[in-house]
Amino acid sequence: MKNILDKLYRTNCLNKEEIIFILDNIDKEWENYLFNLAKNTLFETYGNKIFIRGLLEFSNYCRNNCIYCGIRKDNSNIDRYRLDKKEILASLEESSELGYSTFVLQSGEDLYYTDEYLEDLIREIKFKYPDKAVTLSIGERSFESYEKLFEAGADRFLLRHETADPIIYNSIHPKMYWNERKNCLYNLKNIGYQTGAGFIVGLPNQTNKVLAEDLLFLKELEPAMVGIGPLIPHPDTPLKKEKIGSAEKTIVLIALIRLLLPDALIPVTTALNTIYEYGFERGILAGANVIMLNISPSHVRKKYEIYKNKETKDIQELNILKKKAKNIGFVINMERGDNLNFRRNENV
Ligand code: SAM
């Protein structure tokens, strides 16, 4: 184990067999060794800063039927909402005053928001806040659509690959296809977005071999951001009887991702925070360096229910987070927190 982990720290590379070996055999003692290596790597790249993002969930309508997701099209037990331009801009104004420098606009795949609608919105946001970063997380669209939104000023795009196993991918995403997901991610990168990928931990049939494929896919794609979180089964979805994904395993995977991709921005995801009280501290100490706080208007927050009891930490938590960060030797940072290797228009 020591040889493999030291090699990972030195070279930022592992082969499939080595990843499987780690995941099959790691115990508490080696976990601590791994977390220390990951923390050292984080200190060498981003130092002890934890970047804050403002997450605005602007619509819970979705045309897809991902079998794990509470806002899937066929879930009729959900109160659907859409925010209009005015409501979105009002939330961003409030967040801007509170000091946020990144706005993450997330929704189900909702084609009510046409390219033109989103282009107008993004242009207006960038006109008002030229120095702030706009991140989109709105699912799969055509190359042309991604290109228009980038030209309108969007800086980043989050699109988790969910799982790199094509058979599992196609079976949990009715009428969606692994090859298309992969194409979307490469399109986003080629257009020039800081692109985020990532996967769910604890999906049915997800072995350590599958997780190794997830990590190798990330290594090949080299995304600017990587978000992973445990599966939290939603009672109104086909996965209602599944077990909750493992927080411990998620944290080990965060550390491996930090070592494979030293420059990645890695959030402690809401899902990890939801199932694990110490998710924030443990995630950061394993190499994560981003936290997303909810900036959606309070009347819609509970409605964006991808799983039950979703954590909606918001700015009220900031002082608590600052203290928690300080206790473990980190500082909360409200700057844009771009990927180290990224400058808009230089990376295309
Ligand atoms: N529609 C956009 C997309 O497909 O990228 C963004 C919204 S989608 C709800 C955001 C993420 O939520 C997904 O990428 C998925 O990994 C995660 N998610 C959905 N349901 C979940 C669940 N039950 N447990 C854990 N994560 C879940």
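## Around the ligand

The residues of the shell around the ligand fall into 11 that are nonpolar, 6 that are polar and 3 that are charged. In this predicted model, the ligand is surrounded by 20 residues, and the closest of them are Cys69, Gly139, Arg160, Ile306 and Tyr307.

Cys69, listed among the closest residues to the ligand, has its place in the loop between E1 and H4. When its neighbours within four places in sequence are left aside, Cys69 is in contact with Thr237 and Ile306, and Ile306 is itself listed among the residues closest to the ligand. Cys69 counts as buried because 22 other C-beta atoms lie within 10 Å, where the cut-off for a buried residue is 20 or more.

## The annotated cysteines

According to the UniProt record, which is an unreviewed entry, the annotation "binding site" covers Cys62, Cys66 and Cys69. Such an annotation should be read with care, since it may be inferred rather than shown by experiment.

Cys66 is found in the loop between strand E1 (49–59) and helix H4 (85–98), and Cys69 also lies in the loop between E1 and H4. Is Cys66 buried or exposed? Cys66 is buried, because 23 other C-beta atoms lie within 10 Å. Leaving aside its neighbours within four places in sequence, Cys66 is in contact with Arg72, Ile172 and His173.

## The chain as a whole

Turning to the whole chain, one finds 14 helices and 11 strands. The radius of gyration of the chain is 19 Å, which is close to the 20 Å that the globule rule gives for 348 residues, so the chain is as compact as a globular protein of that length. Taken along the principal axes, the box filled by its C-alpha atoms is roughly 55 × 40 × 40 Å.

Buried residues, such as Cys66 and Cys69, make up 45% of the 348 residues in the chain. Among the contacts in the chain with a separation of 6 or more, 78% are accounted for by residues 24 or more positions apart.

## Confidence in the prediction

How confident is the predictor, and what is the mean pLDDT of the chain? The mean pLDDT is 96, and 98% of the residues of the chain reach 70 or more. For the complex, the predictor gives an ipTM of 0.99 together with a pTM of 0.97.

Methods. Residues are numbered from 1 along each chain as its sequence is written. This is a predicted model: local features need pLDDT of at least 70, side-chain atom pairs count only at pLDDT 80 or more; totals for chains, interfaces and linings use all residues. Helices (H or I, at least four residues) and strands (E, at least two) are DSSP runs, numbered from the N terminus. A residue is buried if 20 or more other C-beta atoms lie within 10 Å of its own, exposed if 12 or fewer, and partly exposed in between; C-beta atoms are placed from the backbone. Two residues are in contact if their C-beta atoms, placed from the backbone, lie within 7 Å. A residue is near a molecule or strand if its C-beta atom, placed from the backbone, lies within 6 Å of it. Ala, Val, Leu, Ile, Met, Phe, Trp, Tyr, Cys and Pro count as nonpolar, Asp, Glu, Lys and Arg as charged, and the others, Gly among them, as polar. pLDDT is the predictor's confidence in each residue, from 0 to 100. The radius of gyration is taken over C-alpha atoms; the globule rule is 2.2 Å times the number of residues to the power 0.38.
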